[in-house]
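This report describes a protein model, part by part. Look over the sequence and the structure below before reading on.

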Amino acid sequence: MATRQTQLLARTLMTPAVALLFIWMIVPLALTIYFSTLHYNLLDPESGQFVGFENFEYFLTDPAFLASLRNTLVLVGSVLALTILIGIPLALLLDQPVIGRSIVRLMVIAPFFVMPTVSALVWKNLLMHPVSGLFAWIATLFGATPIDWFNDAPLLAIILIVSWQWLPFATLILLTALQSLDEEQKEAAEMDGARALSTFIYITLPHLARPITVVILIETIFLLTVFAEIFVTTGGGPGLQTTNIAFLIYSQALIQYDIGSASAGGLVAVVIANIVAFFLVRIVGRNLEA
Amino acid sequence: MARAVTTRRTIIATAGAWLAGFLIFFPILWMVLASFKTELEAFAIPPSFLFFHWTTENYATVQERSDYLHHALNSILIAGGSTLIAMAIAIPAAWSMAFSPTKRTKDILLWMLSTKMMPPVGVLVPIYLIFRDFGLLDTRTGLTFILCLGNLPIVVWMLFTYFKEIPKDILEAARMDGATIGRELVYVLTPMAVPGLASTLLLNLILAWNEAFWTLNLSTLNAAPLTVFIASYSSPEGLFWAKLSAASTLAIAPILVLGWFSQRQLVRGLTFGAVK
C-alpha cells in the first residue's frame, strides 16, 4: 500500500513540470504548423486563407534560404572547428603543472559569462573597427592595411566573435575529461618509451573522443540559432552575407510580418535541430544507463 | 635530471598558459579599461593602455542618460524570478524521478531534454502572437514566464543528477524510523541537496541573465533587461565607446563573479551529465 501511495505522490510531484513542458512544446509547435499552411501577413487584414504547402515552396525556393543555409553551415562548421582545434591544445596546456592555474582558468572561462550583446558590440567597436579598433592599430604597426571586418569579411567577423564566446566551453569540457584520464596509463606508456606525440594519439585522443562528440553536439544546437550577435552587429548584411536561418526567420516574421512564411521557415529550423538532437539524446541516454 | 626537466616543463607550461589566458581575457580587460577613459581617448590611435586620464564620468553618464538601474532591476527580476519559479517546479519533479523512478522515468527525462533542443526561432511566430494578444509584449511577467520554461529542462536535469548522488540508504533509514515523505524531504533530503540546489540556481541565473533571443524579440523598453539595453548601443550617434564600455562592464560584472563561482558545475549542467 505504502508503495502505491509513494508512487502516486511521485507522479503528482512530477505533473507540473511535465504538463508545463508538454504545453510549451505542443501549443507553439501546433500553431507554427497551422500558420505555416496559411497565407497570413499581419499587414494584410484580408489574409488568412489556407494555402497548403505554398509557404514551404516559397521559403525553400527563396534564394535567401539557400544563402542563409550556407551561412548557417559555414558559421556552425567554422566555430566548431576553431573551438575544438584551439580547445584541445589549450586544455592540454591547462592540464600541465601550471603556476596559478586557477587564475588562468578564470581568465579562460570568462568570455562564456559575457552576455552576447556585450561581446558582439565590444568586438565590433573596440577591436574590429577599421579606423580606431585595436586590430587596425596592430595591423598598421606591421605596415599592413587594416581589415574593414564588417564590410569585407562580415561572416568571418561573426565567426571570430562566436568562437571567442564558445572556446571556454569546449576547453572546459575537454579539460574536465583530461583530468579524469588515468595518469597511470599515460605513465605506463611513457615507461614503455612512447613519445609524447604517440601518447597523445593513442591514449589521450581516444579518451577525448566522447567529450569532443558532446562538445560538437551541444555547440551545434546553440550555434544553429545564433541571433543576438548578428542582430546587434550586421543586421544580417551587407546583403545577405551574415543572414543565418534564425535571422532570416526573424526578419520574415517581425520585419516583413509574413507569418505564414516565417512559420514554414521555423519548421525547417526545427527539423534541422532535431536531426542533431537525435544523436545527442542517444549519447546522453546511453550514459544514463551506466 | 628528472627534476630539472620537470621544472623546465612547469616554466614553459606556466608561461604558455598565462599568455593564452591573457589573450582570451583581453577583450574584457580592454573593455573595462575603455570604460575609464574619456570618449576621445577611447577612440584615440595609438591607443593608451594604462597611462590615460582615468575617469568615472562614463558610469555617471550611463545612469543619467539611459536609466541603467531600471534595466538592471528588470534583469534581476526576470532572471531571478524565472530561476526561482523553475526551481519550485523542478525540485518535486527531479526528487520523484531520482527517488521513485519508474520504467518511464528515463524516457521522460530524455523527452524533457529534447524540448530544450527545439530552436526558439521555430516557435517565435506563435509566441510573439500569443504575447501580443494577451498584452504580454514588453512585460516582465511575459519574459519571466518564457525564460522559466526555456530553462526548466536544464533545471530538472541538473537537480536530477545531484539528487541521484544522494545515497538511498539514508532515505530508507529515515523511512524505517517512520518519517513521512514530507519530513523526509525537509529534514533528510534538503540538507544533503543544498550544494546541488545552489549550483543549479547559480548556473540558471547566469543563463537567464545572458539570454538574448527572447529578451531582444519580446521587449523594447519597459521590461527590457540589460541584454536589450546594451543592444540599444548598436545604433548610436556620436562618440559612445567609453559609455558602451561602462554600460557593458556594469552589465557583466555581477554575472562574471557568479560565473567564476559556478565554473565547476558548468560542465555538468550544460552537458546534461554526459561529461563529469
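## Two domains in chain B

In this predicted model, nine residues of domain 1 of chain B are in contact with seven residues of domain 2 of chain B. Two residues are in contact if their C-beta atoms, placed from the backbone, lie within 7 Å. On the domain 1 side, the elements that give two or more residues are α1 (2–35) and α2 (39–43) of chain B. The largest share of that side, four residues, comes from α1(B). By class, the side of domain 1 of chain B that touches domain 2 of chain B has five nonpolar, two polar and two charged residues. Here Ala, Val, Leu, Ile, Met, Phe, Trp, Tyr, Cys and Pro count as nonpolar, Asp, Glu, Lys and Arg as charged, and the others, Gly among them, as polar.

Domain 1 of chain B covers 2–57 and domain 2 covers 67–270; such bounds come from an automatic or database domain assignment. The centres of the two domains of chain B, taken over C-alpha atoms, are 33 Å apart.

## Numbering and confidence

Residues are numbered from 1 along each chain as its sequence is written, while chains are lettered from A and ligands numbered from 1 in the order in which they are written. In this predicted model, local features need pLDDT of at least 70 and side-chain atom pairs count only at pLDDT 80 or more, whereas totals for chains, interfaces and linings use all residues.

The pLDDT is the predictor's confidence in each residue, from 0 to 100. Chain A has a mean pLDDT of 87, with 98% of its residues at 70 or more. Among the elements of chain A, helix α3 (residues 63–94) has the highest mean, 94, and helix α9 (residues 183–191) the lowest, 76.

## The two chains

Chain B has 13 helices and zero strands, and chain A has 13 helices and two strands. Helices (H or I, at least four residues) and strands (E, at least two) are DSSP runs, numbered from the N terminus.

The radius of gyration of chain B is 24 Å, where a compact globule of 276 residues would have a value near 19 Å. Chain A also has 24 Å, against a value near 19 Å for a compact globule of 290 residues. This radius is taken over C-alpha atoms, and the globule rule is 2.2 Å times the number of residues to the power 0.38. Along its principal axes, the C-alpha trace of chain B spans about 75 × 75 × 35 Å; for chain A the box is roughly 80 × 80 × 30 Å.

## Where the chains meet

How many residues of chain B are in contact with chain A? There are 83, and they touch 85 residues of chain A. On the chain B side, α1(B) gives the most, with 17 residues. The residues of that side divide into 63 nonpolar, 18 polar and two charged.

## Buried residues and the core

A residue is buried if 20 or more other C-beta atoms lie within 10 Å of its own, exposed if 12 or fewer, and partly exposed in between, with C-beta atoms placed from the backbone. Buried residues make up 46% of chain B and 44% of chain A.

The largest nonpolar core has 168 residues. Such a core is a set of buried Ala, Val, Leu, Ile, Met, Phe, Trp, Tyr and Cys residues joined through C-beta atoms within 7 Å. Helix α7 (residues 140–164) of chain B gives the largest share of this core, 16 residues. Those with the most contacts inside the core include A:I249, B:L152 and B:I230. Leaving aside neighbours within four places in sequence, B:I230 is in contact with A:M115, A:T117, A:V118 and A:L121, and also with B:A247, B:S248 and B:A251.
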